[in-house]
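Student: Could we go through this structure together, starting with the sheets and then turning to the surface?

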Amino acid sequence: MRRFIIASLVAILTSTALWAQAPRIGVFVPGARDGSPIYDNMAKGAERLVSETPGASLRVTEAGFNQAEWKEKLISFVASGKFDIVITSNPSMPELVNEASKIFPKQRFICLDGYLAGNSSVYSALYNQLEQGYVTGYLSGLVSISGMKGTNPEKKIGMIIGQNYPAMEKMIIPGFLKGLTAVDPGFQLDIRVLGNWYDAAKAAELSRSLYAQGADIILPICGSASQGAVRVAQETGKYLVFFDDDEFARAPDNILGCTVLHQEELAYRSLKAAIEERLQFGKAEIVGMKEGYIEFLNKNPSYIKNVPESIRIKVDAVIQSIKSGRLTFQVPSL
Ligand code: RBF
(Lines give C-alpha, C1' and ligand atoms only; values in the text may rest on other atoms or scores of the structure.)
Protein backbone atom coordinates (compact mmCIF):
# COMPACT_ATOMS: atom_id res chain seq x y z
CA MET A 1 0.00 0.00 0.00
CA ARG A 2 2.76 2.40 1.03
CA ARG A 3 4.66 1.65 -2.12
CA PHE A 4 1.49 2.30 -4.14
CA ILE A 5 0.96 5.70 -2.46
CA ILE A 6 4.57 6.70 -3.08
CA ALA A 7 4.37 5.56 -6.68
CA SER A 8 1.16 7.55 -7.16
CA LEU A 9 2.70 10.64 -5.60
CA VAL A 10 5.74 10.36 -7.84
CA ALA A 11 3.48 9.96 -10.86
CA ILE A 12 1.43 13.02 -9.93
CA LEU A 13 4.50 15.14 -9.19
CA THR A 14 6.30 14.19 -12.37
CA SER A 15 3.22 14.77 -14.50
CA THR A 16 2.68 18.28 -13.05
CA ALA A 17 6.38 18.96 -13.39
CA LEU A 18 6.32 17.90 -17.02
CA TRP A 19 3.31 20.08 -17.71
CA ALA A 20 4.71 23.08 -15.89
CA GLN A 21 8.32 22.85 -17.00
CA ALA A 22 8.38 21.23 -20.35
CA PRO A 23 5.15 22.04 -22.09
CA ARG A 24 4.72 20.58 -25.54
CA ILE A 25 2.88 22.97 -27.81
CA GLY A 26 1.33 22.17 -31.16
CA VAL A 27 0.30 24.93 -33.56
CA PHE A 28 -2.29 23.93 -36.15
CA VAL A 29 -2.42 26.44 -39.02
CA PRO A 30 -5.57 25.93 -41.12
CA GLY A 31 -3.95 27.31 -44.27
CA ALA A 32 -0.41 28.64 -44.69
CA ARG A 33 1.68 31.07 -42.63
CA ASP A 34 3.13 32.85 -45.63
CA GLY A 35 0.99 35.86 -46.56
CA SER A 36 -1.56 35.36 -43.75
CA PRO A 37 -0.40 37.38 -40.73
CA ILE A 38 -3.27 36.11 -38.63
CA TYR A 39 -1.69 32.64 -38.79
CA ASP A 40 1.95 33.73 -38.88
CA ASN A 41 1.48 35.88 -35.79
CA MET A 42 -0.21 33.05 -33.91
CA ALA A 43 2.82 30.86 -34.63
CA LYS A 44 5.19 33.71 -33.64
CA GLY A 45 3.41 34.05 -30.29
CA ALA A 46 3.94 30.33 -29.65
CA GLU A 47 7.57 30.55 -30.81
CA ARG A 48 8.22 33.46 -28.43
CA LEU A 49 6.78 31.58 -25.47
CA VAL A 50 8.72 28.40 -26.27
CA SER A 51 11.97 30.34 -26.66
CA GLU A 52 11.46 31.75 -23.15
CA THR A 53 10.43 28.46 -21.52
CA PRO A 54 13.26 26.05 -20.78
CA GLY A 55 12.55 22.56 -22.07
CA ALA A 56 9.40 23.57 -23.93
CA SER A 57 8.88 22.12 -27.37
CA LEU A 58 6.97 23.33 -30.39
CA ARG A 59 5.66 21.92 -33.60
CA VAL A 60 3.89 24.01 -36.20
CA THR A 61 1.88 22.28 -38.88
CA GLU A 62 0.35 23.96 -41.91
CA ALA A 63 -2.80 22.15 -42.99
CA GLY A 64 -2.98 23.86 -46.39
CA PHE A 65 -5.91 25.31 -48.29
CA ASN A 66 -8.06 22.21 -48.79
CA GLN A 67 -10.59 22.74 -46.02
CA ALA A 68 -12.07 19.27 -46.56
CA GLU A 69 -8.82 17.83 -45.17
CA TRP A 70 -8.59 19.93 -42.01
CA LYS A 71 -10.68 17.71 -39.75
CA GLU A 72 -8.65 14.59 -40.51
CA LYS A 73 -5.39 16.51 -40.25
CA LEU A 74 -6.38 17.99 -36.89
CA ILE A 75 -7.36 14.58 -35.56
CA SER A 76 -4.09 12.97 -36.61
CA PHE A 77 -2.14 15.93 -35.20
CA VAL A 78 -3.85 15.37 -31.83
CA ALA A 79 -3.70 11.57 -32.09
CA SER A 80 0.10 11.75 -32.16
CA GLY A 81 -0.19 12.41 -28.40
CA LYS A 82 2.74 14.79 -28.67
CA PHE A 83 1.11 17.94 -27.35
CA ASP A 84 -0.11 19.25 -24.02
CA ILE A 85 -1.81 22.15 -25.77
CA VAL A 86 -2.89 22.58 -29.37
CA ILE A 87 -3.48 26.14 -30.52
CA THR A 88 -5.30 27.06 -33.72
CA SER A 89 -7.16 29.98 -35.26
CA ASN A 90 -10.08 30.82 -37.50
CA PRO A 91 -13.85 30.95 -37.11
CA SER A 92 -14.40 27.49 -38.59
CA MET A 93 -12.02 25.75 -36.17
CA PRO A 94 -14.24 25.65 -33.03
CA GLU A 95 -16.45 23.06 -34.69
CA LEU A 96 -13.49 20.87 -35.69
CA VAL A 97 -11.81 21.30 -32.31
CA ASN A 98 -15.08 20.32 -30.62
CA GLU A 99 -15.21 17.10 -32.63
CA ALA A 100 -11.53 16.30 -31.99
CA SER A 101 -12.03 16.89 -28.28
CA LYS A 102 -14.81 14.29 -28.18
CA ILE A 103 -12.33 11.70 -29.46
CA PHE A 104 -9.43 12.94 -27.29
CA PRO A 105 -11.08 14.33 -24.13
CA LYS A 106 -7.73 14.93 -22.38
CA GLN A 107 -6.35 17.15 -25.10
CA ARG A 108 -6.43 20.88 -24.27
CA PHE A 109 -7.07 23.37 -27.06
CA ILE A 110 -6.82 27.12 -27.57
CA CYS A 111 -8.87 28.47 -30.43
CA LEU A 112 -8.28 32.08 -31.45
CA ASP A 113 -10.45 34.10 -33.88
CA GLY A 114 -13.30 31.75 -33.00
CA TYR A 115 -16.02 31.24 -30.40
CA LEU A 116 -16.80 28.06 -28.49
CA ALA A 117 -18.29 28.19 -25.01
CA GLY A 118 -18.86 25.32 -22.63
CA ASN A 119 -16.33 22.72 -23.78
CA SER A 120 -14.12 22.26 -20.72
CA SER A 121 -11.14 21.29 -22.91
CA VAL A 122 -11.22 24.45 -25.00
CA TYR A 123 -10.42 28.10 -24.40
CA SER A 124 -11.51 30.40 -27.22
CA ALA A 125 -11.13 34.10 -27.94
CA LEU A 126 -13.08 35.97 -30.57
CA TYR A 127 -12.17 39.46 -31.79
CA ASN A 128 -14.94 42.03 -31.83
CA GLN A 129 -14.68 42.63 -35.56
CA LEU A 130 -17.65 45.00 -35.54
CA GLU A 131 -15.27 47.48 -33.89
CA GLN A 132 -12.47 46.69 -36.31
CA GLY A 133 -14.81 47.07 -39.30
CA TYR A 134 -16.36 50.26 -37.98
CA VAL A 135 -13.10 52.17 -37.51
CA THR A 136 -11.79 50.98 -40.89
CA GLY A 137 -15.07 51.93 -42.59
CA TYR A 138 -15.21 55.31 -40.90
CA LEU A 139 -11.71 56.19 -42.12
CA SER A 140 -12.53 54.92 -45.63
CA GLY A 141 -15.73 56.97 -45.81
CA LEU A 142 -14.01 60.15 -44.69
CA VAL A 143 -11.21 59.77 -47.23
CA SER A 144 -13.57 58.78 -50.05
CA ILE A 145 -15.62 62.00 -49.75
CA SER A 146 -12.58 64.20 -49.07
CA GLY A 147 -11.89 65.03 -52.71
CA MET A 148 -8.23 64.15 -52.28
CA LYS A 149 -6.20 62.72 -55.17
CA GLY A 150 -7.30 59.20 -56.14
CA THR A 151 -10.86 59.58 -54.79
CA ASN A 152 -14.13 60.20 -56.62
CA PRO A 153 -17.62 61.38 -55.61
CA GLU A 154 -19.29 57.98 -56.19
CA LYS A 155 -19.43 56.88 -52.54
CA LYS A 156 -18.45 53.36 -53.44
CA ILE A 157 -16.04 51.18 -51.48
CA GLY A 158 -14.85 47.71 -52.46
CA MET A 159 -14.12 44.52 -50.56
CA ILE A 160 -12.41 41.35 -51.74
CA ILE A 161 -13.05 38.44 -49.42
CA GLY A 162 -11.61 34.94 -49.49
CA GLN A 163 -14.97 33.35 -48.79
CA ASN A 164 -18.20 33.94 -46.92
CA TYR A 165 -18.49 32.85 -43.28
CA PRO A 166 -20.61 33.90 -40.30
CA ALA A 167 -17.98 36.23 -38.75
CA MET A 168 -17.66 37.94 -42.14
CA GLU A 169 -21.40 38.29 -42.67
CA LYS A 170 -22.35 39.17 -39.10
CA MET A 171 -19.40 41.26 -37.93
CA ILE A 172 -16.84 42.35 -40.52
CA ILE A 173 -19.20 43.48 -43.32
CA PRO A 174 -21.86 45.07 -41.04
CA GLY A 175 -19.16 46.84 -38.98
CA PHE A 176 -17.40 48.18 -42.07
CA LEU A 177 -20.69 49.33 -43.61
CA LYS A 178 -21.77 50.98 -40.36
CA GLY A 179 -18.53 52.97 -40.30
CA LEU A 180 -19.05 54.06 -43.91
CA THR A 181 -22.67 55.07 -43.40
CA ALA A 182 -21.76 56.97 -40.21
CA VAL A 183 -19.88 59.27 -42.60
CA ASP A 184 -22.63 59.35 -45.22
CA PRO A 185 -25.72 57.10 -45.43
CA GLY A 186 -25.34 57.01 -49.23
CA PHE A 187 -22.22 54.77 -49.16
CA GLN A 188 -22.37 51.47 -51.04
CA LEU A 189 -20.20 48.45 -50.50
CA ASP A 190 -19.23 46.38 -53.54
CA ILE A 191 -18.16 42.94 -52.30
CA ARG A 192 -16.36 40.36 -54.46
CA VAL A 193 -15.77 36.79 -53.27
CA LEU A 194 -12.49 35.27 -54.38
CA GLY A 195 -13.33 31.66 -53.47
CA ASN A 196 -9.94 30.94 -51.87
CA TRP A 197 -7.21 32.58 -49.78
CA TYR A 198 -4.26 32.53 -52.21
CA ASP A 199 -5.11 33.49 -55.81
CA ALA A 200 -3.34 36.85 -56.22
CA ALA A 201 -3.94 36.98 -60.00
CA LYS A 202 -7.69 36.72 -59.50
CA ALA A 203 -7.58 39.26 -56.66
CA ALA A 204 -5.78 41.64 -59.05
CA GLU A 205 -8.52 41.11 -61.63
CA LEU A 206 -11.25 41.77 -59.06
CA SER A 207 -9.44 44.89 -57.82
CA ARG A 208 -9.15 46.26 -61.35
CA SER A 209 -12.87 45.74 -61.87
CA LEU A 210 -13.79 47.31 -58.50
CA TYR A 211 -11.68 50.41 -59.13
CA ALA A 212 -13.00 50.67 -62.73
CA GLN A 213 -16.55 50.58 -61.42
CA GLY A 214 -16.07 53.50 -59.07
CA ALA A 215 -14.57 52.15 -55.86
CA ASP A 216 -11.72 54.39 -54.68
CA ILE A 217 -10.77 52.24 -51.67
CA ILE A 218 -10.69 48.45 -51.27
CA LEU A 219 -10.52 46.37 -48.09
CA PRO A 220 -8.94 43.03 -49.06
CA ILE A 221 -9.56 40.16 -46.62
CA CYS A 222 -8.22 37.32 -48.72
CA GLY A 223 -4.95 36.09 -47.18
CA SER A 224 -1.90 35.99 -49.45
CA ALA A 225 -4.10 36.86 -52.48
CA SER A 226 -4.07 40.45 -51.21
CA GLN A 227 -0.76 40.90 -53.06
CA GLY A 228 -2.83 41.20 -56.26
CA ALA A 229 -4.86 44.05 -54.75
CA VAL A 230 -1.65 45.80 -53.63
CA ARG A 231 -0.21 45.63 -57.13
CA VAL A 232 -3.34 47.09 -58.77
CA ALA A 233 -3.70 49.86 -56.16
CA GLN A 234 -0.12 50.91 -56.95
CA GLU A 235 -0.68 50.73 -60.72
CA THR A 236 -3.88 52.78 -60.61
CA GLY A 237 -3.04 55.22 -57.80
CA LYS A 238 -6.03 54.07 -55.74
CA TYR A 239 -6.28 53.09 -52.11
CA LEU A 240 -6.42 50.14 -49.76
CA VAL A 241 -7.25 49.66 -46.12
CA PHE A 242 -6.08 46.58 -44.23
CA PHE A 243 -7.10 44.33 -41.40
CA ASP A 244 -4.96 42.09 -39.16
CA ASP A 245 -1.42 43.46 -39.43
CA ASP A 246 0.79 46.49 -40.16
CA GLU A 247 0.85 46.33 -43.94
CA PHE A 248 1.97 49.92 -44.69
CA ALA A 249 5.39 48.87 -46.00
CA ARG A 250 3.78 46.92 -48.85
CA ALA A 251 2.47 50.11 -50.49
CA PRO A 252 3.33 53.18 -48.41
CA ASP A 253 1.53 55.61 -50.76
CA ASN A 254 -1.62 53.56 -51.27
CA ILE A 255 -2.43 52.11 -47.87
CA LEU A 256 -4.56 54.51 -45.86
CA GLY A 257 -4.96 52.60 -42.63
CA CYS A 258 -4.44 49.28 -40.85
CA THR A 259 -6.67 48.07 -38.04
CA VAL A 260 -4.65 45.25 -36.57
CA LEU A 261 -5.34 42.25 -34.37
CA HIS A 262 -2.73 41.57 -31.70
CA GLN A 263 -2.83 37.90 -32.47
CA GLU A 264 0.82 37.27 -31.51
CA GLU A 265 0.20 38.72 -28.06
CA LEU A 266 -3.06 36.81 -27.65
CA ALA A 267 -1.39 33.54 -28.63
CA TYR A 268 1.57 34.23 -26.34
CA ARG A 269 -0.53 35.24 -23.34
CA SER A 270 -3.11 32.49 -23.61
CA LEU A 271 -0.41 29.82 -24.02
CA LYS A 272 1.55 31.27 -21.10
CA ALA A 273 -1.57 31.25 -18.93
CA ALA A 274 -2.23 27.65 -20.00
CA ILE A 275 1.22 26.37 -19.07
CA GLU A 276 1.02 28.23 -15.76
CA GLU A 277 -2.38 26.60 -15.23
CA ARG A 278 -4.18 29.94 -15.10
CA LEU A 279 -6.14 29.64 -18.34
CA GLN A 280 -9.83 28.98 -17.90
CA PHE A 281 -10.59 26.14 -20.26
CA GLY A 282 -14.31 26.08 -21.04
CA LYS A 283 -14.34 29.85 -21.32
CA ALA A 284 -15.05 31.84 -24.50
CA GLU A 285 -13.87 35.43 -24.50
CA ILE A 286 -14.59 38.37 -26.77
CA VAL A 287 -11.74 40.87 -27.06
CA GLY A 288 -11.53 44.24 -28.75
CA MET A 289 -10.04 47.72 -28.59
CA LYS A 290 -10.66 48.21 -24.89
CA GLU A 291 -8.72 45.04 -24.04
CA GLY A 292 -5.91 46.13 -26.37
CA TYR A 293 -6.26 43.29 -28.89
CA ILE A 294 -7.61 45.43 -31.73
CA GLU A 295 -5.66 48.56 -32.60
CA PHE A 296 -5.87 51.20 -35.29
CA LEU A 297 -2.30 52.22 -36.19
CA ASN A 298 -2.74 55.99 -35.95
CA LYS A 299 0.95 56.79 -35.48
CA ASN A 300 2.33 55.17 -38.60
CA PRO A 301 4.18 57.72 -40.80
CA SER A 302 2.34 56.54 -43.96
CA TYR A 303 -1.00 57.12 -42.27
CA ILE A 304 0.07 60.59 -41.18
CA LYS A 305 1.40 61.38 -44.65
CA ASN A 306 -1.56 59.95 -46.62
CA VAL A 307 -4.50 61.06 -44.47
CA PRO A 308 -5.22 64.75 -43.79
CA GLU A 309 -5.16 65.87 -40.17
CA SER A 310 -8.84 66.87 -40.13
CA ILE A 311 -9.73 63.22 -40.87
CA ARG A 312 -7.22 61.80 -38.41
CA ILE A 313 -8.77 63.89 -35.64
CA LYS A 314 -12.21 62.42 -36.39
CA VAL A 315 -10.85 58.86 -36.49
CA ASP A 316 -9.09 59.38 -33.14
CA ALA A 317 -12.35 60.61 -31.64
CA VAL A 318 -14.14 57.44 -32.73
CA ILE A 319 -11.35 55.27 -31.30
CA GLN A 320 -11.65 57.14 -28.00
CA SER A 321 -15.43 56.60 -27.98
CA ILE A 322 -14.93 52.85 -28.41
CA LYS A 323 -12.15 52.60 -25.83
CA SER A 324 -14.13 54.59 -23.26
CA GLY A 325 -17.26 52.50 -23.81
CA ARG A 326 -19.36 55.38 -25.17
CA LEU A 327 -19.63 53.58 -28.51
CA THR A 328 -20.27 49.87 -28.16
CA PHE A 329 -20.88 47.04 -30.58
CA GLN A 330 -22.71 43.96 -29.40
CA VAL A 331 -21.26 40.81 -30.94
CA PRO A 332 -24.06 38.58 -32.30
CA SER A 333 -24.03 34.81 -31.94
CA LEU A 334 -22.24 33.38 -34.95
N1 RBF B 1 -7.52 34.69 -43.31
C2 RBF B 1 -6.29 34.74 -43.84
O3 RBF B 1 -5.64 35.79 -43.75
N4 RBF B 1 -5.75 33.65 -44.47
C5 RBF B 1 -6.42 32.48 -44.61
O6 RBF B 1 -5.89 31.53 -45.19
C7 RBF B 1 -7.73 32.39 -44.05
N8 RBF B 1 -8.47 31.25 -44.15
C9 RBF B 1 -9.73 31.21 -43.61
C10 RBF B 1 -10.49 30.04 -43.72
C11 RBF B 1 -11.76 29.96 -43.17
C12 RBF B 1 -12.57 28.68 -43.31
C13 RBF B 1 -12.30 31.08 -42.50
C14 RBF B 1 -13.68 31.01 -41.90
C15 RBF B 1 -11.57 32.24 -42.39
C16 RBF B 1 -10.28 32.33 -42.94
N17 RBF B 1 -9.53 33.50 -42.86
C18 RBF B 1 -8.26 33.55 -43.40
C19 RBF B 1 -10.09 34.74 -42.30
C20 RBF B 1 -9.67 35.04 -40.88
O21 RBF B 1 -10.25 34.07 -40.05
C22 RBF B 1 -10.13 36.45 -40.46
O23 RBF B 1 -11.54 36.55 -40.54
C24 RBF B 1 -9.54 37.51 -41.32
O25 RBF B 1 -8.13 37.38 -41.34
C26 RBF B 1 -9.92 38.92 -40.84
O27 RBF B 1 -9.46 39.18 -39.55
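Tutor: The sheets come first, then a surface patch. This is a predicted model, in which local features need pLDDT of at least 70, side-chain atom pairs count only at pLDDT 80 or more, and totals for chains, interfaces and linings use all residues. Residues are numbered from 1 along each chain as its sequence is written, and side-chain values use heavy atoms, leaving out hydrogens and water.

Student: What is the strand order in the open sheet with parallel pairing?

Tutor: The order is S2-S1-S3-S4-S5-S11, six strands in total. Strands are DSSP runs of E, at least two residues, and helices runs of H or I, at least four, numbered from the N terminus; pairing requires at least two bridges found by DSSP. At the edges stand S2 (57-62) and S11 (284-287).

Student: Which helix packs on that sheet?

Tutor: Helix H2 (residues 37-52) does, touching S1, S2 and S3, where contact means heavy atoms within 4.5 Å. Its direction makes about 170 degrees with that of S1; axes are lines fitted to C-alpha atoms, for helices over the stretch in contact, and angles run from 0 to 180 degrees between N-to-C directions.

Student: And which strands does H6 lie across?

Tutor: Helix H6 (residues 166-183) lies across S6, S7, S8 and S9 (239-244). An open sheet with mixed pairing has the order S7-S6-S8-S9-S10-S12. S7 (188-193) and S12 (294-296) each have a single partner strand, so one side of each lacks a neighbour in the sheet.

Student: Changing topic, where is Tyr115?

Tutor: Tyr115 lies in the loop between S4 (108-112) and S5 (122-127).
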